[in-house]
Amino acid sequence: MASDLSSIIVITIFVISFLNLALIPLVLAKKPCQFPAIFNFGDSNSDTGGLSAAFGQAPPPNGVSYFGSPAGRYCDGRLVIDFIAESLGLPYLSAFLDSVGTNFSHGANFATAASTIRPQNITLNRGGFSPISLNVQFYEFNDFHKRSQVVRKRGGVFETLMPKEEHFSSALYTFDIGQNDLTAGYYSNMSTDEVKAYVPDVLNQFQTIIQYVYSQGGRYFWIHNTGPVGCLPYIMDRIPVLASQIDEHGCATPFNDVAQFFNQGLKKTVERLRKDLADAAITYVDVYSLKYSLISQGRKHGFKQPLRSCCGHGGKYNYNKKLGCGGKVNKHGKEVLVGAACEDPWTYVNWDGVHFTEAANKYIFEGIVDGSFSDPPTPLNMACYRN
């Protein structure tokens, strides 16, 4: 009897040990991802200095709330991409185009303000869009991938400033772009139906770039959809709509409908990419819903001004396309600042009529970091796992 009991105990211990060993891979799979770098692509929503390096620094009072001076961002402080980097324990991303004091050891930012997915015919200096469209951003990334390794082999300080080759396959690739593709059509006097008609082509080009990045070794993708453009002062002020087209929260429904149409197509594009790219983990992040809830319920979250911009001059929304944030006029031979910032930017959703404040960006980040607005519902620090 004692012998039988001993056998049962031994077998039980063996089974438990076996089960524990079998569960080890499952436990390990639950560990947070260790992203050594971030490579970001996008427009002004995530530009940390690209446009400033190419066309002149974003003027004061940009940066006033956090950096204390202009820092290449069209914001009073940090952007969502900055909070993403912070949460992963990484430094803020240096803009690829910024050659001054750059450190690319933990990634690079290819985003530039006014960028689109599709190349535009109207250049920036003619009131159009950035020439650094998404395909150009990929060309930059492709060149950076190759040249960074050549430079790194020089050793010394060069080795410390460039990412390791293996970082390109283990990095997080973030995308936040598409908003300007929609507004470009309206600025060209297109109807809503005409704008919708070219969205599939825009998404096809986006899909191609993701495939290109995958071919370079990229495996982990964090893709934001586009926000409610119909709630932004620079759209509502410049493109007339009927009173019946303004919703209960003061946003223009035609423009938001187009944004949602784009987002539906983007989500389907992501679903196709998941099937085509066998080793990719792709997270689709619904920032539209979060941004709209912030605007529609802003006061509930401590934002007293959901639509009016903090930094600007005149008009219903404190926005003037000819005299924006930081704008000056000449009075009696002296430059006078008229595009000043409000005294309490943390209570505003919109910074300058186009971009969000740091406080709003932080709110958005805190909403997406745990996966609540993601498909699949993946927290940021688990975005390396394919679902």
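This passage describes the disulfides and a free cysteine in a predicted model. Local features were taken at pLDDT of at least 70 and side-chain atom pairs at pLDDT 80 or more, while totals for chains, interfaces and linings use all residues. Residues are numbered from 1 along each chain as its sequence is written, and side-chain values use heavy atoms, with hydrogens and water left out.

The structure contains 4 disulfides, a disulfide being a pair of cysteine sulfur atoms within 2.5 Å. When the bonded cysteines of the protein are numbered in sequence order, they pair as 1-8, 2-3, 4-7, 5-6. Three of these bonds are described below, followed by the unpaired Cys 75.

Cys 231 and Cys 251 are joined with their sulfur atoms 2.1 Å apart. The torsion about this S-S bond is about 110°, so the disulfide is right-handed. The bond links distant parts of the chain, 20 residues apart: Cys 231 lies in the loop between strand E4 (220–224) and helix H9 (233–236), and Cys 251 in the loop between H9 and helix H10 (253–276). Helices (H or I, at least four residues) and strands (E, at least two) are DSSP runs, numbered from the N terminus. Cys 231 and Cys 251 are both buried, that is, under 20% relative accessible area, with exposed meaning over 50% and partly exposed in between (1.4 Å probe, protein chains only).

A disulfide is also formed by Cys 310 and Cys 342, with a sulfur separation of 2.0 Å. Its S-S torsion is about -100°, so this disulfide is left-handed. Cys 310 is placed in the loop between strand E6 (305–309) and strand E7 (328–331), and Cys 342 in the loop between strand E8 (334–337) and strand E9 (348–350), so the bond ties together parts that are 32 residues apart in sequence. Cys 310 and Cys 342 are both buried.

Cys 311 is bonded to Cys 325, with an S to S distance of 2.1 Å. A torsion of about 85° about the S-S bond makes this disulfide right-handed. Cys 311 and Cys 325 both lie in the loop between E6 and E7, 14 residues apart. Each of Cys 311 and Cys 325 is buried.

Cys 75 is not bonded to its closest cysteine sulfur, because that sulfur, in Cys 310, is 9.9 Å away, too far for a bond. With a relative accessibility of 0%, Cys 75 counts as buried.
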